[in-house]
Every structure is written in C-alpha cells, then in structure tokens.
Amino acid sequence: EAEKARAALDGHGLIRDLDPNDPTRQTILTLNGHRTSVSLEAEFWTAFRDPATEKNMPINALAAVIDAERGQDSGLATAIRLYVLRALQNRGQSVR
C-alpha cells in the first residue's frame, strides 16, 4: 500500500525521498507565497488529496488554510495529519 501511494505521488512530482529507510516523504509546499517543506507518510499525502479534490483546491491552498487555522502548539505536518484523520472520520471510514 505504501509503495502504491508513493508511486502515485511520485508520478506528480510531489515527493522527494530523503532517506529510503524513512517512511516519511518530504514535499515542498508554497503557502501564501512562501515555500516550506512538510514531511508526511505517503499514505497521508494520498489521503490529503481527497479533501483537496472534493473542495476543488490545490493541496497548497488547502495546506495554507490548515496552516492559518492551526494553533502555535502544533507543527504543520501534525495539523495536516489531524485534518486527514478528521476527514476520514467524517466520512465514516475506519483508520487502520
């Protein structure tokens, strides 16, 4: 499953592998004109695309909304993971 998710994302040029043994994938996002890197597991990047597609938003735009709404207590990667988790819960999907 992870390889399938990584292959799907690699095809769009979104992932840069830093360490082949590290399960996270670093992606450069542009938020309000500023570039930032975010490291998430490939499965989270795949799941993050669904709500962005449903909202007809690029992932950069959705990430910018999440960034603006997150508290200073958590990093952007954590905020994105929590957003994905809530989106899945709202759809009634189980999280494995």
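This tour goes through the structure one selection at a time, from the whole chain to its helix contacts, its aromatic residues and two loop positions.

**The whole chain**

Keep in mind throughout that this is a predicted model. Begin with the entire chain shown as a cartoon, where the secondary structure amounts to 4 helices and 2 strands, and follow the elements from the N terminus, which come in the order α-β-β-α-α-α. If you colour by accessibility, 32% of the 96 residues count as buried. Among the contacts that join residues at least 6 apart in sequence, 43% are between residues at least 24 apart.

**Helix 3 and its surroundings**

Select helix 3, residues 59–69, and show its side chains, where Ile-59, Leu-62, Ala-63, Ala-64 and Ile-66 are buried. Then add strand 1 (24–31), helix 2 and helix 4 to the view, since these are the elements against which the buried residues of helix 3 pack.

**Helix 2 against helix 3**

Hide helix 4 for a moment and look at helix 2, residues 42–54, together with helix 3. The two axes come within 9 Å of each other and cross at roughly 90 degrees, so helix 2 is roughly perpendicular to helix 3. To see the contact itself, select Trp-45, Phe-48, Arg-49, Pro-51 and Ala-52 on the helix 2 side, and Ile-59, Leu-62, Ala-63 and Ile-66 on the helix 3 side. Sorted by class, the residues of this contact are 8 nonpolar, no polar and 1 charged.

**Helix 3 against helix 4**

Now bring back helix 4, residues 76–90, and compare its direction with that of helix 3. These helices pack at an angle of about 105 degrees, and their axes are 10 Å apart; helix 3 is therefore roughly perpendicular to helix 4. The residues to select are Leu-62, Ala-63, Ile-66 and Asp-67 from helix 3, with Leu-76, Ala-79, Ile-80 and Tyr-83 from helix 4. This contact consists of 7 nonpolar residues, no polar ones and 1 charged residue.

**The aromatic residues**

Next, select Trp-45, Phe-48 and Tyr-83, which together form one aromatic cluster. The structure holds 2 aromatic pairs, and Phe-48 with Tyr-83 can be examined in detail: the ring centres are 6.4 Å apart and the planes stand at 85 degrees, so this pair is edge-to-face. The pair links distant parts of the chain, as Phe-48 belongs to helix 2 and Tyr-83 to helix 4, with their positions 35 residues apart in sequence. Are these two residues buried or exposed? Phe-48 has a relative accessibility of 0% and counts as buried, and Tyr-83, with a relative accessible area of 18%, is buried as well, because the limit for that class is under 20%.

Stay with the rings and select Phe-44 and Arg-81, where the charged end of Arg-81 sits over the ring of Phe-44 at 5.8 Å from its centre.

**Two loop positions**

Finish with two asparagines, starting with Asn-32 in the loop between strand 1 and strand 2 (34–41). Asn-32 is not a glycine, yet has a positive phi of about 50 degrees, and at 65% relative accessibility Asn-32 counts as exposed. Then move to Asn-56, which lies in the loop between helix 2 and helix 3. Asn-56, likewise a non-glycine residue, has a positive phi of about 55 degrees, and with a relative accessibility of 73% Asn-56 counts as exposed.

Notes
Residues numbered from 1 in each chain as written. Predicted model: local features only at pLDDT ≥ 70, side-chain atom pairs only at ≥ 80, totals over all residues. Heavy atoms only, no water. Phe/Tyr/Trp six-rings, centres within 6.5 Å; stacked < 30°, edge-to-face > 60°. Buried < 20%, exposed > 50% of the residue type's maximum accessible area, 1.4 Å probe, protein only. Lys NZ or Arg CZ within 6 Å of the ring centre and 35° of its normal. Axes fitted to C-alpha atoms, helices over the stretch in contact; angles between N-to-C directions. Parallel < 35°, antiparallel > 145°, perpendicular 65-115°, else oblique. Contact = heavy atoms within 4.5 Å. Nonpolar A, V, L, I, M, F, W, Y, C, P; charged D, E, K, R; others polar.
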